[in-house]
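Here are a few quick notes on the cysteines and the nonpolar packing. Have the model open while you read.

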Amino acid sequence: MKICLCGLGRAGREFVRYLAENPVHELVAVLCREESATAGKPVTELTEIAIDPSLCVQPIERFDPKATSVDVIVDFSACATSLKLVDLCCRTKTNLVICPTDFHEREIEYIKNKAITNSIGLVFASTLTSGINLVIDFVERLSKVFPDYRFEIIERHPYNKPSPTKTARYIQQAISREVVPISSIRLDGYVGVHEITATDGYERISITHESFSRTAFVRGALLAAEFIQRKRGVFYMKDIVKTLLLDEKL
Ligand SMILES: NC(=O)c1ccc[n+]([C@@H]2O[C@H](COP(=O)([O-])OP(=O)(O)OC[C@H]3O[C@@H](n4cnc5c(N)ncnc54)[C@H](OP(=O)(O)O)[C@@H]3O)[C@@H](O)[C@H]2O)c1
């Protein structure tokens, strides 16, 4: 698959590093917003990763996905730039995986409608790791099967992470209860931990998901790109995990 990346921040750099070490797909282009300091510069120079020296960062406005036969664009930028990417993808019928989470509801609706109207494939990958999506799927079922259980969520992240995390909120929404308390612990050293405890007073079920590095996000983004490559319509990571569970690939 020919992949294009947008955004060369921490996650984007990890994406480049992972593909350089695991060349299962070809990175054919890297994009940025018009005003980015990375525009026009070689990716290898910016990342210090040994890849094709002719691969330079290009502003979205001047990029044509057809020129490099891009199959899927993976977006690790931010909402304002994602909106420009959606326009580009709809114009050129290119499929897209959107990883940023800083959208308002109206922007999500705009993106969904535009993708459907233009018959492209799009994944809203708001929680990227397959593990956390499996956990969400599991606690959703658990809360329905055992109505007597009470649930609590504890999430642990580094100091700079706003609390609670969006992922903790997604877990909370998946649990069919009026009240699911979330506790946030902020200490350096963590990448990300979400722990769900459920009890009926007689027994306890505890599920912990921990990300060790950003590679988990990259692998989730690639899973989403592989899934959407030949599809049309709007999907979420939970749809991908459910499909894999049905196919027993997980
Ligand atoms: N869904 C998930 O599970 C998941 C996991 C990891 C990351 N993410 C999301 O992926 C995105 C990148 O994460 P990161 O950790 O790499 O962030 P980061 O280090 O802050 O990098 C942000 C990247 O976005 C670019 N960008 C484009 N438009 C921007 C704008 N309007 N404002 C700010 N930056 C803009 C920046 O490049 P220039 O400044 O050079 O333009 C930079 O390359 C974030 O939105 C993050 O929330 C999602």
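Is Cys4 buried or exposed? Point 2 has the reply, after some housekeeping.

1. This is a predicted model, so to speak by its own rules: local features need pLDDT of at least 70, side-chain atom pairs count only at pLDDT 80 or more, and totals for chains, interfaces and linings use all residues. Numbering starts from 1 along each chain as its sequence is written, and side-chain values use heavy atoms, with hydrogens and water left out.

2. Cys4 is buried, at a relative accessible area of 0% (buried is under 20%, exposed over 50%, partly exposed in between, with a 1.4 Å probe and protein chains only). Cys90 is buried as well, at 4%.

3. With a disulfide taken as a pair of cysteine sulfur atoms within 2.5 Å, the count is 0. Cys4 is in none; its nearest cysteine sulfur belongs to Cys6, 7.0 Å away. For Cys90, the closest cysteine sulfur is in Cys89 at 7.0 Å, which is too far for a bond.

4. Now the largest nonpolar core (buried Ala, Val, Leu, Ile, Met, Phe, Trp, Tyr and Cys residues joined through side-chain atoms within 4.5 Å). It has 36 residues, and Phe15, Val74, Phe76, Val97 and Val123 touch the most other members. α7 gives the most to this core, with 7 residues (helices are DSSP runs of H or I, at least four residues; strands are E, at least two; both numbered from the N terminus).

5. Leaving out residues up to four places away in sequence, Val123 touches, among others, Leu96, Ala224, Phe227 and Ile240 (contact means heavy atoms within 4.5 Å).

6. There's also a second, separate core of 25 residues, including Leu31, Ile73, Cys79 and Ile108.
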